[in-house]
Amino acid sequence: MKRDRLTPLGAITRGLVAGTIGTLAMDTLLYAEYRSGGGKSEIGRWEFSADIQTWEQAAAPAQVGRRLFEGLFQRELPDSGAALVNNIMHWGYGIANGAAYGVVAGSAPKPRAWYGAIFGAGVWGTSYVVLPAAKLYRPIWQFNYKVLAKDLSAHLVYGLTTGAAFKLTTFARRRRR
């Protein structure tokens with residue numbers, strides 16, 4: 001029996017959708033943890049980084065975006081751009097990684113949702129290699145296990161949700177045929 005393969009464009013498109021859903025799931029978990037830890041900002045303010053006013057307050061995604069922008073355009077980004085760049089990079093990275101996941105999972109004989117766990121752990125681990133090498137983050141051994149576990153759990157949620165969403169979109173496509 002011939003396998004019903006996804007086209008590369010179909011795999012990328014489904015991956016983009018899955019990565020968006022995975023990023024939303026990750027942010028939902030992180031916001032719940034923020035609130036349970038005493039955070040007061042409402043979801044919109046938190047999600048759109050409204051409390052970030054300067055580059056010194058900005059997280060690693062914003063710092064990567066800042067370096068890319070300033071390196072490419074040879075102009076300095078003002079502090080007022082930190083929140084927007086943080087959001088663009090966070091969501092862009094989650095969505096783009098979903099496209100990469102789509103290509104890999106779409107090439108498998110049968111996409112499985114649990115592949116997302118490996119994917120999420122890989123995204124997590126990569127960040128602890130690339131960001132310190134770029135001098136934007138401390139090396140992994142300088143973090144305590146609670147910080148690492150919290151970050152890993154968020155990336156596992158991202159990966160598993162991305163994997164499940166990809167599988168569901170692939171399954172729905174095959175059922176329609």
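This dialogue goes through a helix, the nonpolar cores and a surface patch in a predicted model.

Student: How does the length of α1 compare with what its 29 residues should span?

Tutor: The expected span follows from a rise of 1.5 Å a residue, which for α1 gives 42 Å. The C-alpha atoms at its ends lie 41 Å apart, so the two values agree. After α1 comes G38, with a positive phi near 105°.

Student: Which residues of α1 are buried?

Tutor: Among them are G10, A11, R14, G15, A18, G19 and G22. Further along α1, T23, A25, M26, D27 and Y31 are buried as well.

Student: Where should I look for nonpolar side chains?

Tutor: In soluble globular proteins, they tend to be buried together. Here the largest nonpolar core has twelve residues, including A11, A18, M26, Y101, F119 and A165. Two or more residues each come from α1, α4, α5 (115-133) and α6 (145-176). The largest share, four residues, belongs to α6. Apart from neighbours within four places in sequence, A165 contacts A18 and I21. A separate second core has eight residues, W55, A62, L77 and A82 among them.

Student: Which residues form the nonpolar patch on the surface?

Tutor: The patch consists of I12, L16, V103 and V104, which together have about 300 Å² of accessible area. Both α1 (8-36) and α4 (82-107) supply at least two of its residues.

Student: Why does V103 count as partly exposed?

Tutor: The class runs from 20% to 50% relative accessible area. V103, in helix α4, is partly exposed because its relative accessibility is 38%.

Methods. Residues are numbered from 1 along each chain as its sequence is written. This is a predicted model: local features need pLDDT of at least 70, side-chain atom pairs count only at pLDDT 80 or more; totals for chains, interfaces and linings use all residues. Side-chain values use heavy atoms; hydrogens and water are left out. Patches are made of residues with over 30% relative accessible area and no salt bridge: like charges are joined within 9 Å, nonpolar side chains (Val, Leu, Ile, Met, Phe, Trp, Tyr) within 5 Å. Accessible areas come from the Shrake-Rupley method with a 1.4 Å probe; for residues, only the protein chains shown count as cover. A salt bridge is a side-chain nitrogen of Lys or Arg within 4 Å of a carboxyl oxygen of Asp or Glu. Buried means under 20% relative accessible area, exposed over 50%, partly exposed in between (1.4 Å probe, protein chains only). The expected span of a helix is 1.5 Å times one less than its number of residues. A nonpolar core is a set of buried Ala, Val, Leu, Ile, Met, Phe, Trp, Tyr and Cys residues joined through side-chain atoms within 4.5 Å. Contact means heavy atoms within 4.5 Å.
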